[in-house]
Amino acid sequence: MSLTGTPFLVTAVVLAVLAVALPFALWSRVRGPLLVRGLARLLMIGFAQVTAMLVVLVAVNNANGLFSDWDDLLGREDHVAAAPDLGRDGLGGRRIADLPKTAQSFRPASAVADGRVRTTLLKGQVSGVSAEVYVWLPPQYDDPAYRHVRFPVVELFSGYPGTPSSWFAGLRVTEQLEPLMRDGTVAPFILVAPRTKLLGDADAGCANVPGVVNAATWVSVDVRKMVTDHFRAVATADGWATAGFSAGGHCAAKIAVAYPDRYRYAVSMSGYNDPAAEPDSITGRDPALRRANDPLTLLRQAPAPPRLHLLVTGDGDDGYRQGLDLRAAAQPPTRVEVRRVTGGHRTSTWAAEVPAVFTWLTARLEGAGRAALPPGR
């Protein structure tokens with residue numbers, strides 16, 4: 001039975017109800033020596049507690065998209081077929097324009113309630129990663145008035161652990177944004193959520209580590225090319241943004257700072273700069289990898305300040321201080337805005353930020369990205 005979805009949750013609830021009813025029906029009927037009766041009653045109490053916890057855990061997982069299946073939960077999933085050394089630009093000497101067009105089929109994403117969210121299993125041509133990607137098209141996409149329009153794109157990164165459904169199930173991103181897109185408050189972005197938990201029980205941190213994983217190339221080359229191959233998406237950096245929360249916030253900032261030729265905007269909610277802030281990070285264990293994947297270090301050591309707009313939100317050491325450090329290191333044309341957001345390191349806090357984050361992105365669309373703004377804006 002699938003870990004996610006209604007059937008397993010219903011099964012867990014039924015077991016919890018039975019576990020509560022069991023002691024009422026059998027408590028006084030237990031026979032045998034005192035030790036046997038005590039052990040039997042203790043097992044009934046334990047069964048009730050375990051099933052109650054199971055209901056809570058399944059409900060939390062369904063609501064937040066932490067694990068997609070049993071292998072994911074047990075840390076047995078590995079989405080990496082190969083991890084060659086692809087160099088500083090993550091391309092390994094290739095040109096994106098020379099790569100063959102991807103051939104993908106899409107189906108409704110069963111893990112989320114919004115039937116317009118589609119998913120596909122993408123085999124990365126360059127990264128060696130094979131994993132699912134979720135895509136949601138804005139309401140204007142099929143409007144005849146927009147048939148010649150190319151739409152801006154936001155890549156959404158989840159925390160760790162997490163799945164592509166986290167933004168749709170936990171943060172309710174489409175539920176919140178669709179009305180704002182229809183009334184023109186928010187631009188009609190294509191939303192793309194690739195899997196970033198690629199190594200079982202380790203955090204890939206959107207990093208390229210030869211011989212281990214090419215997670216940076218996965219999100220910035222393979223996923224990006226798949227979107228431009230299959231949808232009317234802006235191809236230039238002016239129409240692309242990253243956004244993430246917690247470990248996904250680290251990814252969003254790091255990827256945008258590292259590849260300003262592919263992204264113009266980034267949003268980090270409660271993110272961190274130093275990869276070692278995540279105990280399971282594969283890059284946090286090695287000093288050289290920590291420096292190479294720290295957006296603050298990348299910003300300070302960039303040959304030229306990247307043309308990038310970055311929004312960082314959080315409170316105290318939960319993103320806010322890290323944002324101040326990035327702002328202090330930024331030189332034009334890099335722009336960093338920092339906002340204090342209270343509420344703690346939790347899904348409800350990030351869900352409440354969604355409208356403001358996408359309003360901020362809408363106001364900063366440049367060049368080709370502005371073509372998809374609603375008429376009159």
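Accessible areas here come from the Shrake-Rupley method with a 1.4 Å probe, and for residues only the protein chains shown count as cover. On that basis the chain exposes about 16,600 Å², of which carbon and sulfur atoms supply 58%. Before going further, I should say that this is a predicted model, in which local features need pLDDT of at least 70 and side-chain atom pairs count only at pLDDT 80 or more, while totals for chains, interfaces and linings use all residues. Residues are numbered from 1 along each chain as its sequence is written, and side-chain values use heavy atoms, with hydrogens and water left out.

Let me start with the overall picture. The secondary structure comes to eleven helices and eleven strands, where helices (H or I, at least four residues) and strands (E, at least two) are DSSP runs numbered from the N terminus. Of the 377 residues in the chain, 53% are buried, and buried means under 20% relative accessible area, with exposed over 50% and partly exposed in between, for a 1.4 Å probe and protein chains only. If we take contacts (heavy atoms within 4.5 Å) between residues at least 6 apart in sequence, 72% of them join residues at least 24 apart.

I would like to spend most of the time on strand S8, residues 240-245, where six of the six residues are buried. Trp240, Thr242 and Gly244 lie on one side, Ala241, Ala243 and Phe245 on the other, and both faces are covered. Strands count as paired if DSSP finds at least two bridges between them; S8 runs parallel to strand S4 (residues 153-157), with five bridges joining them, and it also pairs in the parallel sense with strand S9 (residues 265-269), again over five bridges. In the register, Val154 stands opposite Ala241, and Thr242 stands opposite Ala266 in S9. With helix H7 (residues 247-258), S8 and S9 make a right-handed β-α-β unit, right-handed in the sense that, with the strands pointing away from the viewer, the path from the first strand over the helix to the second runs clockwise.

What does the side chain of Thr242 reach? It reaches the backbone oxygen of Ala252 at 2.8 Å, which is a polar contact, that is, a pair of N or O atoms within 3.5 Å where, within protein, one must be able to donate a hydrogen and the other to accept it, and where residues adjacent in sequence count only if both atoms are side-chain atoms. Thr242 counts as buried because its relative accessibility is 0%, and, leaving aside residues up to four places away in sequence, its contacts include Val154, Phe157, Ile255 and Val267.

His230, in helix H6 (residues 215-230), makes a useful second example. This residue counts as partly exposed because its relative accessibility is 26%, and its side chain reaches the backbone nitrogen of Gln104 at 3.3 Å. His230 and Lys101 are 129 residues apart in sequence, yet 8.8 Å apart in space, C-alpha to C-alpha.

Finally, some backbone details to inspect. The peptide bond from Tyr160 to Pro161 is cis, with omega near -10 degrees, and Pro161 sits in the loop between S4 and helix H4 (166-170). The bond from Pro332 to Pro333 is also cis, with omega near 10 degrees, and Pro333 is in the loop between H10 and S11. Ser270, although not a glycine, has a positive phi of about 55 degrees; it lies in the loop between S9 and helix H8 (287-292).
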